[in-house]
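This report introduces one structure to a reader who has not met it before. The sequence and the model are shown first, and the description follows.

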Amino acid sequence: MANPIAATTPLSANDNHDNLLRLVQLQELTHPPPQKRSRATRQLQLLRSAIPPALLRHFDDVVRHGRPGIAMVSQSGACGSCHLSLPSGVAARLSTANEQLLQCPHCGCYMYSAAMLLAPEEKRPMASRSP
């Protein structure tokens, strides 16, 4: 885990959002119930091919070490994987992380907040939304 805070490749807000959603879905499909395994295998192949190699490599490395590759940050500001409190600067960056996926400085998993799952256009202030 070279950089414990940010992915190495800057991404646009839309790319970041799309990759975040793909990583969350990949995490959910990693251990499917037996009755859904064949469908999940096909979905995993499609998802993995759509995620940039550097992001996927880091995700796989974290999973290989027994941690979730991506986890939601709790309302109290703790990593959803290792449950350690995040430094205030990292927690603040999570709320404005439009160009990078952030990594937990403790366990290395990618982190996201519930608000990050919204599409970029849904995050704009109400006054700036078009009718």
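## The sheet

Strand 2 and strand 3 (residues 110-112) run antiparallel and are joined by two bridges. Within this pairing, Leu102 has Met111 of strand 3 as its bridge partner. The model described here is a predicted one.

The sheet as a whole is open and consists of three strands in the order 1-3-2, with mixed pairing. Strand 1 (70-72) and strand 2 (102-103) are the edge strands; each has a single partner strand, so one side of each is left without a neighbour in the sheet. Helix 3 (residues 53-64) packs on this sheet and touches strand 1, strand 2 and strand 3. The direction of helix 3 makes about 100° with that of strand 3. As general background, strands of a sheet pair through backbone hydrogen bonds, in either a parallel or an antiparallel manner.

## Salt bridges

How many salt bridges does a search of the whole structure find? The search finds two. In general terms, side chains of opposite charge can pair when their charged atoms come close.

One salt bridge is formed by the side chains of Arg48 and Asp60, at 2.5 Å from N to O. Arg48 belongs to helix 2 (residues 37-50) and Asp60 to helix 3, so this pair ties together parts that lie 12 residues apart in sequence. Arg48 has 33% relative accessibility and therefore counts as partly exposed. Asp60, by contrast, counts as buried because its relative accessibility is 18%, which is under the 20% limit for that class.

The side chains of Asp61 and Arg64 also meet in a salt bridge, with an N to O distance of 2.4 Å. Both Asp61 and Arg64 lie in helix 3, three residues apart, or about one turn of the helix. Asp61 is partly exposed, with a relative accessible area of 33%, whereas Arg64 is exposed at 61%.

## The nonpolar core

The largest nonpolar core contains 30 residues. Those with the most contacts inside this core are Leu23, Leu26, Ile70, Cys104, Cys109 and Met111. Met111 is also the bridge partner of Leu102 in the sheet.

Which elements give two or more residues to this core? They are helix 1 (13-29), helix 2, helix 3, strand 1, helix 4 (88-95) and strand 3. Helix 1 supplies the largest share, five residues. More generally, nonpolar side chains in soluble globular proteins tend to be buried together.

Key: Residues numbered from 1 in each chain as written. Predicted model: local features only at pLDDT ≥ 70, side-chain atom pairs only at ≥ 80, totals over all residues. Heavy atoms only, no water. Pairing = 2+ DSSP bridges. Helix = DSSP H or I, 4+ residues; strand = E, 2+ residues; numbered from the N terminus. Contact = heavy atoms within 4.5 Å. Axes fitted to C-alpha atoms, helices over the stretch in contact; angles between N-to-C directions. Salt bridge = Lys/Arg side-chain N within 4 Å of Asp/Glu carboxyl O. Buried < 20%, exposed > 50% of the residue type's maximum accessible area, 1.4 Å probe, protein only. Core = buried A, V, L, I, M, F, W, Y, C linked by side-chain atoms within 4.5 Å.
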